[in-house]
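Subject: Structure handover

Hello,

Please find the structure below, followed by notes on what was found in it. The notes go site by site and can be read with the model open.

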Amino acid sequence: MNGRAEEVLAGGAENRGAVVRVGDTVRRPQKPFSFAVHLLLQHLEAVGFEGAPRFLGIDDAGREVLDYIPGETVTATVPAWARRARTADSVARLLRDYHRAVSSFRWPSATPWDSSVEPPWAGGGLLCHNDPVRSNIVCRGGLAVALIDFDRAAPALPEWEIACAVRQWIPLRGEEDEHDPESAGQRTAARIRRFCDVYGLEGGSRLRVLDAIRDSEAASRVMLERRAAEGHPAYVRFLREGAADRIEARRLWLDRHAEALRDAMV
Ligand SMILES: Nc1ncnc2c1ncn2[C@@H]1O[C@H](COP(=O)(O)OP(=O)(O)OP(=O)(O)O)[C@@H](O)[C@H]1O
Ligand SMILES: [Mg+2]
């Protein structure tokens, strides 16, 4: 490390405490599939995509070395700007541009990608990021500029990726809208539609995003409970702080507004 200071980058859960900044670089633990992620990052660099860190090599401690991307990520309390439509628009544009850049990426057939994408959304010819949550997108001035943390990258359908982003970047309303649930449903539906439009998703695919949102909510609950049961401290804490209840509240909300949501997508 040449004696250079390491600053722990807090915010993530999976690798909490183990992701550090050293100067203009980030060091992260490697996974069995990291070499495949490195091929992906090298492809993105080769095609000139600037919304991802460059892969710079492996350090003496065996960690991957990536560009540090200046900006901010939302890791705890969600600030007002992260709920705004202009921010969600910028996330939709970032995903659209990422999918364009990655569409020419071909990987060896036996490549061991992460396997957290649920059927029927897994597979296909597009190497999705699969985790475009608030802590994995660097923003500047309230606009998304880069995806980081490609640990869940794997072939998947774009609807899954879009659903994951929608769940995080568009507030799916809960109890607070009980006084006017119908217009709340329509407002949120219009925002999801807008996200799909900015990304460039057509009719049938927009409807599939709704299914993917439901599946993604369910999958995140299963993952949360499994990781907590395994004793992973970050997930134990999420569970204690009511994360499963919030997922359940969103599921009920989605059920209640299913019709408004479908109407807005067609
Ligand atoms: N390349 C980067 N450039 C700038 N900041 C970064 C970079 N990589 C990580 N960070 C910062 O460190 C935080 C944690 O990093 P990272 O997402 O890699 O951790 P993680 O524990 O793997 O996350 P997760 O829980 O999503 O799996 C990010 O939220 C971000 O604030
Ligand atoms: Mg992360």
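Is N136 buried or exposed? N136 is buried, and its relative accessible area is 5%. Please keep in mind throughout that this is a predicted model.

The metal site

N136 is a place to begin, as this residue holds a metal. The magnesium ion, ligand 2, is coordinated by OD1 of N136 together with an OD atom of D149, at 2.1 to 2.2 Å. N136 sits in the loop between β6 (122-128) and β7 (137-140), while D149 sits in the loop between β8 (143-147) and β9 (154-156), so the two residues tie together parts that are 13 residues apart in sequence. For D149 the relative accessibility is 21%, and this residue therefore counts as partly exposed, because the limit for buried is under 20%.

D149 has two further features. Its phi is positive, at about 55°, although D149 is not a glycine. In addition, its side chain is joined to the side chain of R28 by a polar contact of 3.1 Å.

R28 and its partners

R28 belongs to strand β3, which covers residues 25-28. With a relative accessibility of 6%, R28 counts as buried. Besides the contact with D149, the R28 side chain makes a polar contact of 2.8 Å with the side chain of E64. R28 is also listed among the closest residues to ligand 1, which leads to the next site.

The site of ligand 1

How many residues surround ligand 1? There are 20, and the closest are A13, N15, R28, T73 and S135. Sorted by class, this shell holds eight nonpolar, six polar and six charged residues. Domain 1 (7-67) and domain 2 (80-265) both contribute residues to the shell, so ligand 1 lies between the two domains.

Backbone atoms of the protein come up to oxygen atoms of ligand 1 at several points:

- A13: a polar backbone atom is 2.5 Å from an oxygen atom of the ligand.
- S135: a backbone N or O atom is 2.7 Å from an oxygen atom of the ligand.
- E14: a backbone N or O atom is 3.0 Å from an oxygen atom of the ligand.

On its own, ligand 1 has 620 Å² of accessible area, and the protein covers 92% of this.

Backbone geometry

Most residues other than glycine have a negative phi, and most peptide bonds are trans. The positive phi of D149 was mentioned above. N130 also has a positive phi, of about 70°, and is not a glycine. N130 lies in the loop between β6 and β7, and that loop also holds N136. N130 is buried, with a relative accessible area of 4%.

Which peptide bond is cis, with omega near 5°? The bond in question runs from P119 to P120. P120 is in the loop between α2 (85-102) and β6.

A contact in a helix

Helix α5 spans residues 203-229 and includes S205. The side chains of S205 and R208 are joined by a polar contact of 3.1 Å. S205 has a relative accessibility of 16% and counts as buried.

Distances across the model

Two distances to W160 give a sense of scale. How far apart in space are A18 and W160? Their C-alpha atoms are 28 Å apart, with the two positions 142 residues apart in sequence terms. A18 is in the loop between β1 (7-8) and β2 (20-22), and at 31% relative accessibility A18 counts as partly exposed.

The second distance starts from G62, in the loop between β4 (55-58) and β5 (64-67). The C-alpha atoms of G62 and W160 are separated by 32 Å, and these residues are 98 residues apart along the chain. G62 is partly exposed, with a relative accessible area of 30%.

To go through the model in order, start with the magnesium ion at N136 and D149, follow the side-chain contact from D149 to R28, and then look at the residues around ligand 1, R28 among the closest of them.

Regards

Key: Residues numbered from 1 in each chain as written. Chains lettered and ligands numbered in written order. Predicted model: local features only at pLDDT ≥ 70, side-chain atom pairs only at ≥ 80, totals over all residues. Heavy atoms only, no water. Donors = N, O, S within 2.8 Å, 3.2 Å for Na, K, Ca; no water. Helix = DSSP H or I, 4+ residues; strand = E, 2+ residues; numbered from the N terminus. Buried < 20%, exposed > 50% of the residue type's maximum accessible area, 1.4 Å probe, protein only. Near = heavy atom within 4 Å. Polar contact = N/O pair within 3.5 Å; in protein donor to acceptor, adjacent residues only side chain to side chain. Areas by Shrake-Rupley, 256 points an atom, 1.4 Å probe, with all protein chains shown as cover. Nonpolar A, V, L, I, M, F, W, Y, C, P; charged D, E, K, R; others polar. Domains from an automatic or database assignment.
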